[in-house]
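Work through the three exercises below with the model open. Try each task before you read its solution.

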Amino acid sequence: MSNIISVKNISKSYGEKLILNNISLEIKKGEVISIVGPSGGGKTTLLRCLNLLNEPDFGEIWFNGNNLMDPTTNLNELRMKIGMVFQNFNLFNHKTVLQNLILAPMKLLKISKEEATSKAKEILTSVNMQDYINTRVEVLSGGQKQRVAIARSPMMNPEIMLFDEPTSALDPEMTEEVLQVMTNLAKSGMTMVIVSHEMGFVKSISSRVIHIKDGQIVK
């Protein structure tokens, strides 16, 4: 399998606090990698570095042969291939579920509203949210919002999806719903990197588990 992301000797500090210390990591196509470790150890910072939401102070990050830290790289174009699911959903609350899904592909991929709507219906069915297609996001439960957030990423045809503690804001029942959706996504062959504290889930879904402590990968 070929590498989809290569992280080479990256470090990141906030002020005088060193968050990531000389980390290297290879992510191959089709892998499901979970990042675990104590709070404050650098898990989320590493995840956010993978699409340069956080920019490392040193080192390189390569995505499909492109150096994301090269100023000549078209970062916005490459980011469209890297889906991101946040712990706080990052949805447009005043818009409907459908509007949340079709906005980016229509604007960025220039596909028609009809095509985007057809794809949205298919993906929403896969996460069991098809009955809420015209519902405003603000009235959904936390678990429903997170399923919509997960459904939004495949609309952009990503090559990899990043999950930052996707269940941390959910109660146990909603957590189970979201983890099932992620399990189905992994079975479909999607390359995934997950920061999670759900250790049972992590062990069941991951092809590799990476432990981070004090900004370094530990065995």
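Buried means under 20% relative accessible area. The model is predicted.

**Exercise 1. Determine how many residues of α5 are buried, and what covers them.**

Step 1. Count the buried positions. In α5, 11 of 11 residues are buried, and the helix is mostly covered.
Step 2. Name them. The buried set includes Gly142, Gly143, Lys145, Arg147 and Ile150.
Step 3. Look at the surroundings. The cover over these α5 residues includes β6 (82–85), α3, α4, β7 and α6.

**Exercise 2. Describe the largest nonpolar core, and place Phe163 in it.**

Step 1. Take its size. The largest nonpolar core holds 37 residues.
Step 2. Find its best-connected members. Leu101, Leu124, Ile150, Phe163, Met182, Met192 and Ile194 have the most contacts inside it.
Step 3. Assign elements. Two or more residues each come from α3 (97–108), α4 (113–126), α5 (142–152), β7 (160–164), α6 (172–187), β8 (191–195) and α7 (199–205). The largest share, 6 residues, is from α6.
Step 4. List partners of Phe163. Beyond four places in sequence, they include Leu47, Val85, Ile150, Met182 and Met192.
Step 5. Separate the other core. Another core, apart from the largest, has 29 residues, among them Leu46, Ile82, Leu162 and Ile212.

**Exercise 3. Decide whether Ser11 is buried or exposed, and find its contacts.**

Step 1. Locate Ser11. It sits in strand β1 (residues 3–14).
Step 2. Apply the cut-off. Ser11 has 12% relative accessibility, so it counts as buried.
Step 3. Check contacts beyond four places in sequence. Ser11 meets Leu20, Asn21, Asn22, Pro56, Asp57 and Phe58.
Step 4. Examine the polar pair. A polar side-chain atom of Ser11 lies 2.9 Å from the backbone nitrogen of Asn22.

Note on methods. Residues are numbered from 1 along each chain as its sequence is written. This is a predicted model: local features need pLDDT of at least 70, side-chain atom pairs count only at pLDDT 80 or more; totals for chains, interfaces and linings use all residues. Side-chain values use heavy atoms; hydrogens and water are left out. Helices (H or I, at least four residues) and strands (E, at least two) are DSSP runs, numbered from the N terminus. Buried means under 20% relative accessible area, exposed over 50%, partly exposed in between (1.4 Å probe, protein chains only). A polar contact is a pair of N or O atoms within 3.5 Å; within protein, one must be able to donate a hydrogen and the other to accept it, and residues adjacent in sequence count only if both atoms are side-chain atoms. Contact means heavy atoms within 4.5 Å. A nonpolar core is a set of buried Ala, Val, Leu, Ile, Met, Phe, Trp, Tyr and Cys residues joined through side-chain atoms within 4.5 Å.
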